[in-house]
Amino acid sequence: MASSLEEPLKRVPKMVVFDLDYTLWPFWVDTHVNPPFHKNSAGKVVDYRGCVIKHYPDTPKVLKYLQDKNIAISVASRTGETDGAEQLIQLFGWNKYFQNKQIYPGSKDTHINKISKKCNIKLEDMIFFDDEQRNIVDLERLGVVSILVKNGMTMQVLMNGLKTFSDIRSNVAGEVVDYIRGVIELYPDTLKVLKYLQDKDIGISVASRTGWSDGAEQLIQLFERLEVVSILVKNRMTMQVLMDGLKKFSDIRSNV
Ligand SMILES: [Mg+2]
């Protein structure tokens, strides 16, 4: 996939937003290291015990690449160790890259909306990198192209992410989906349910008889006659309904 470095992209984000812990550096700044931080006589960044603190090896390259391409960069971190995080950013010399930093606990909806407002960049012009699924889910719900980072930022992860952004944003269907997400409120768990199944490699299809407002019980009976394990959803899909349904499937199918 080295060639993707050279591949021209149809659409490029105006801003990249990075998480900090396990995205730009390999630790939780509030747990695994001991602020305050400083540079020792050898010029290394160390914590107060003198342990050397390292970022992921590719991080400076990633930041420099984006700067060279005139793509703005911001930080959205939910750490409670705001001072320590700010110190590390300063000691690593990264402040020259960041247009905005939002570093405090809480859902990243808040962080990203503040960044968007302060920098006057729309959510659909941003790409977000984070190592935690819950943050990816939150920002995807807002329509931000969001990339789960598994082992820290690398140039390859960046390039693949930019490619994903381009594919989604140059695809009209993707824009329509984002638009619908923006104007229609889904049941709160719907995206979580779909994402869970996708992550487990379980295929998903839709069978809708839209326009028919009743008869759900009969439909369930019909599907059961066809020996499809069928679950009557009484109120709405939730993670609990999904888990109970998967359990029922397992019980029925392991019981034959
Ligand atoms: Mg993180």
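**Exercise 1.** In this predicted model, work out whether Asn120 counts as buried or exposed.

*Solution.* Start by counting: Asn120 has 7 C-beta neighbours inside 10 Å. A residue with 12 or fewer is called exposed, so Asn120 lands in the exposed class. Next, find its place in the chain: Asn120 belongs to the loop that links α3 (108–119) with β6 (126–130). Last, check the backbone: phi of Asn120 is positive, about 55 degrees, even though the residue is not a glycine.

**Exercise 2.** Now try Asn70: where is it, and is it buried or exposed?

*Solution.* Asn70 lies in the loop between α1 (59–68) and β4 (72–77). Within 10 Å there are 8 other C-beta atoms, so Asn70 is exposed. Its phi is also positive, at about 60 degrees, and Asn70 isn't a glycine either.

**Exercise 3.** Describe how helices α4 and α7 cross, and which residues meet there.

*Solution.* Take the axes to begin with: those of α4 (residues 133–141) and α7 (residues 190–199) come within 11 Å and cross at roughly 125 degrees. Angles of 65 to 115 count as roughly perpendicular and those over 145 as roughly antiparallel, so this pair is oblique. As for handedness, α4 passes α7 in a right-handed crossing. In the contact, Val137, Glu140 and Arg141 of α4 meet Leu191, Lys192 and Lys195 of α7. Sort those residues and you get 2 nonpolar, no polar and 4 charged.

**Exercise 4.** Find out which form the peptide bond from Pro35 to Pro36 takes.

*Solution.* Look at omega: it is near 0 degrees, and this bond is cis. Pro36 sits in the loop between β1 (15–18) and β2 (38–39).

Conventions:
Residues are numbered from 1 along each chain as its sequence is written. This is a predicted model: local features need pLDDT of at least 70, side-chain atom pairs count only at pLDDT 80 or more; totals for chains, interfaces and linings use all residues. Axes are lines fitted to C-alpha atoms, for helices over the stretch in contact, and angles run from 0 to 180 degrees between N-to-C directions. Helices (H or I, at least four residues) and strands (E, at least two) are DSSP runs, numbered from the N terminus. Angles under 35 degrees count as roughly parallel, over 145 as roughly antiparallel, 65 to 115 as roughly perpendicular and the rest as oblique. A crossing is left-handed if the near helix is turned anticlockwise from the far one by less than a right angle, and right-handed if clockwise. Two residues are in contact if their C-beta atoms, placed from the backbone, lie within 7 Å. Ala, Val, Leu, Ile, Met, Phe, Trp, Tyr, Cys and Pro count as nonpolar, Asp, Glu, Lys and Arg as charged, and the others, Gly among them, as polar. A residue is buried if 20 or more other C-beta atoms lie within 10 Å of its own, exposed if 12 or fewer, and partly exposed in between; C-beta atoms are placed from the backbone.
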